[in-house]
Amino acid sequence: MRHAGTRHPPFLPAWLVPISSRTATAAYLKLRVSLRRDTKRNNSGKRESAVRRKRGAAAAMLRQMRWMTDREGRWELDLESPATMEGTARPVPGDPLPLGLSRGPRVTRTKQLDFFHRFMASPLVPTFSASRAGLSLHHAHLFHLAQNWSFTILEQLHVQKLVAAVKEKLSSRQEGVPWSNDLKRHLHDVMSLGVGTELLITPDTTLLLELYNIKKGGRGKAIIHHKFPQQNLTLAASWPGLFVDKQGVYWDVPLSLSADLASAGSSSGFSYHLLLQQNSGEPKCFGGGETNDVPLALLPGLCAKAAVSLKKSIDVWRKKEDKLKMVQPYDVFLSDPHVSFTGIVGAVASGSFGDCSKRISVPEETRKSNAFRVFRERNKFAAFADLFASVNFTAQHGNFQRLFLDLTRVSARLDISSGSLFLRGASHLAQDFFFSRRPDLETFCDVCPDVIVSLQQQIVGPFSFRVESSVAIDPRSQDHFVRVDDSVFAIDWALKVLGSAKATAWYSPKHQEAMVELRFFEA
């Protein structure tokens, strides 16, 4: 359902949603306009019937949009990061993502900034990274050169460097030296520039080119994204590629190439994912000051990975009645009180050639998994295969329509990253129980999943508070059997006019990072 000639209301930028769902968005907005028209023209009985029919059609349309944009699954997704102007970083292959608020499909950082400037009266958008440049302010200029071609200039102002430059000028008090000369001298340190261009080659193919930190070493990326009827293909090149490990340390890889093919799945059913990644050059700690060992998975080499999974969602309870009539929810995906479970089981296999294959031979990695593995040091080849599973529980109260306290949402996700290790631990525990033996603590650790819990509470109107935390269960620790390892706090501003979109301001105390971003079609 993708067409090149889809027209949008004047207030909705064409880039606002992925290409595959633009037609759905236009249809949904037309339904809303038609709904208002019927409200004015029809009598009360007929009006309620028309409203009910069109609300159902709009909800179905949005569900279809969500399935379209949820096809990527949880496959080493880029995460939002204030470390660079680009605003994203990739996880180290094989490492779990450092905790970040779960998100829906992402538009580029420059387009997010453009939206903030044009529709939210925010000419400067802040980010904060205590270990990098501190507080920074971002501004973007978006130019539409043609209907299918845009060009962007991105500016970043380092506030702390600007304050330092002003203090230096005031303390030196050099007479006869104009401020303009000092401004030119410090402009290189205070300001960073970036440029980018995006070309819609066909209705299903997009080319994106971006350059950041021009004249400061430079960073660049090129991405080709193509949507097949049943798959999504992404070809990407980054120089350097920015990665982040499970401790939150950033790493630069001089050149990173990848090809990613994902099946077009739905909320339940079978899906698959293929990835081919090539890293070249020696990784370096981003920003200098290297204190950690280089992740072996980032060493030069080629890695191929394939995964298949089966997903099933079950609604234990869902209430669609008792909604306020003729009142649109602040977020249509958060309008039904419910209790639901989602389960995923799957298998993953990978093969590595080159120095990156050494990761398989690390004793720590071997202990963490009982999976099938092969390592040939002489040929620099490694193979790996394992099972994985995930269970997600969600409970929601409220319809998110009223002004106060009409949304309380709690969720918990249990991830089993190594199914083979879990099965071995469960087998040993069953034997210990059967023979009345005292279980080993290491066996308990083998069956303990990774847990992430989340709470969202409406404050007033479209504003809500969210907190997400990872919970570690360690039977070996007498003092902290259960501990919170990491938390992220956020304030969400639901953008009601877009159906399901929000501006999010989040802060991570552990990593001392903060960011303001846009998110779409996320529940």
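Biologist: What makes the span of helix H7 close to the one expected?

Modeller: In this predicted model, helix H7 covers residues 419-434 and has 16 residues, and its first and last C-alpha atoms lie 22 Å apart, against the 22 Å expected at 1.5 Å a residue. Gly-419, Ser-420, Leu-421, Gly-425, Leu-429 and Asp-432 of H7 are buried, and the helix is followed by Ser-436, which has a positive phi near 55 degrees.

Biologist: Why is Glu-198 called buried?

Modeller: Buried means under 20% relative accessible area; Glu-198 has 18% and therefore counts as buried. Lys-111, with a relative accessibility of 10%, falls under the same limit and is therefore buried as well.

Biologist: How do you know that Glu-198 and Lys-111 form a salt bridge?

Modeller: The cut-off is a side-chain nitrogen of Lys or Arg within 4 Å of a carboxyl oxygen of Asp or Glu, and the closest N and O atoms of Glu-198 and Lys-111 are 1.9 Å apart, so the pair qualifies as a salt bridge. The pair links distant parts of the chain, with Glu-198 in strand E6 (residues 191-202) and Lys-111 in helix H3, 87 residues apart.

Biologist: What makes the pair of Lys-221 and Glu-86 a tie between parts of the chain?

Modeller: Lys-221 and Glu-86 form a salt bridge in which the closest N and O atoms are 2.3 Å apart. Lys-221 belongs to strand E8 (residues 219-227), whereas Glu-86 sits in the loop between E1 and E2, so the pair ties together parts that are 135 residues apart in sequence. Both Lys-221 and Glu-86 are buried.

Biologist: Which residue meets Asp-252 in a salt bridge?

Modeller: The partner of Asp-252 is Arg-219, at 2.7 Å from N to O, and since the limit is 4 Å, the contact is therefore counted as a salt bridge. Asp-252 lies in strand E11 (residues 250-253) and Arg-219 in strand E8, 33 residues apart, and both residues are buried. The whole structure holds 18 salt bridges, and a network of them links Asp-315, Arg-318, Lys-320, Lys-323 and Asp-336.

Biologist: Why are E1 and E14 said to stand at the edges of their sheet?

Modeller: The sheet is open, has 5 strands in the order E1-E2-E10-E11-E14, and shows mixed pairing. Strand E1 (79-80) and strand E14 (284-285) each have a single partner strand, so one side of each is left without a neighbour in the sheet.

Biologist: How do you know that E1 pairs with E2?

Modeller: Pairing requires at least two bridges between the strands, and E1 and strand E2 (residues 88-91) have 2 bridges in the antiparallel sense, so the requirement is met. Leu-79 has Ala-89 in E2 as its bridge partner.

Biologist: Why is Trp-493 called partly exposed?

Modeller: Partly exposed lies between the limits of 20% and 50%, and Trp-493, which is found in strand E22, has a relative accessible area of 35%, so the term applies. Trp-493 belongs to a nonpolar surface patch with Leu-403, Phe-404, Leu-405, Ile-459, Val-460, Phe-463 and Ile-491, and together these residues have about 720 Å² of accessible area. Strand E20 (450-460) and strand E22 (482-494) are the elements that give two or more residues to the nonpolar patch.

Biologist: Which residues have the most contacts inside the largest nonpolar core?

Modeller: They are Phe-116, Met-120, Leu-495, Leu-518 and Phe-520, in a core of 19 residues. Helix H3 (109-119), strand E23 (501-508) and strand E24 (513-520) each give two or more residues to this core. A second, separate core of 8 residues includes Val-92, Val-249, Cys-285 and Ala-297.

Methods. Residues are numbered from 1 along each chain as its sequence is written. This is a predicted model: local features need pLDDT of at least 70, side-chain atom pairs count only at pLDDT 80 or more; totals for chains, interfaces and linings use all residues. Side-chain values use heavy atoms; hydrogens and water are left out. A nonpolar core is a set of buried Ala, Val, Leu, Ile, Met, Phe, Trp, Tyr and Cys residues joined through side-chain atoms within 4.5 Å. Buried means under 20% relative accessible area, exposed over 50%, partly exposed in between (1.4 Å probe, protein chains only). Helices (H or I, at least four residues) and strands (E, at least two) are DSSP runs, numbered from the N terminus. The expected span of a helix is 1.5 Å times one less than its number of residues. Patches are made of residues with over 30% relative accessible area and no salt bridge: like charges are joined within 9 Å, nonpolar side chains (Val, Leu, Ile, Met, Phe, Trp, Tyr) within 5 Å. Accessible areas come from the Shrake-Rupley method with a 1.4 Å probe; for residues, only the protein chains shown count as cover.
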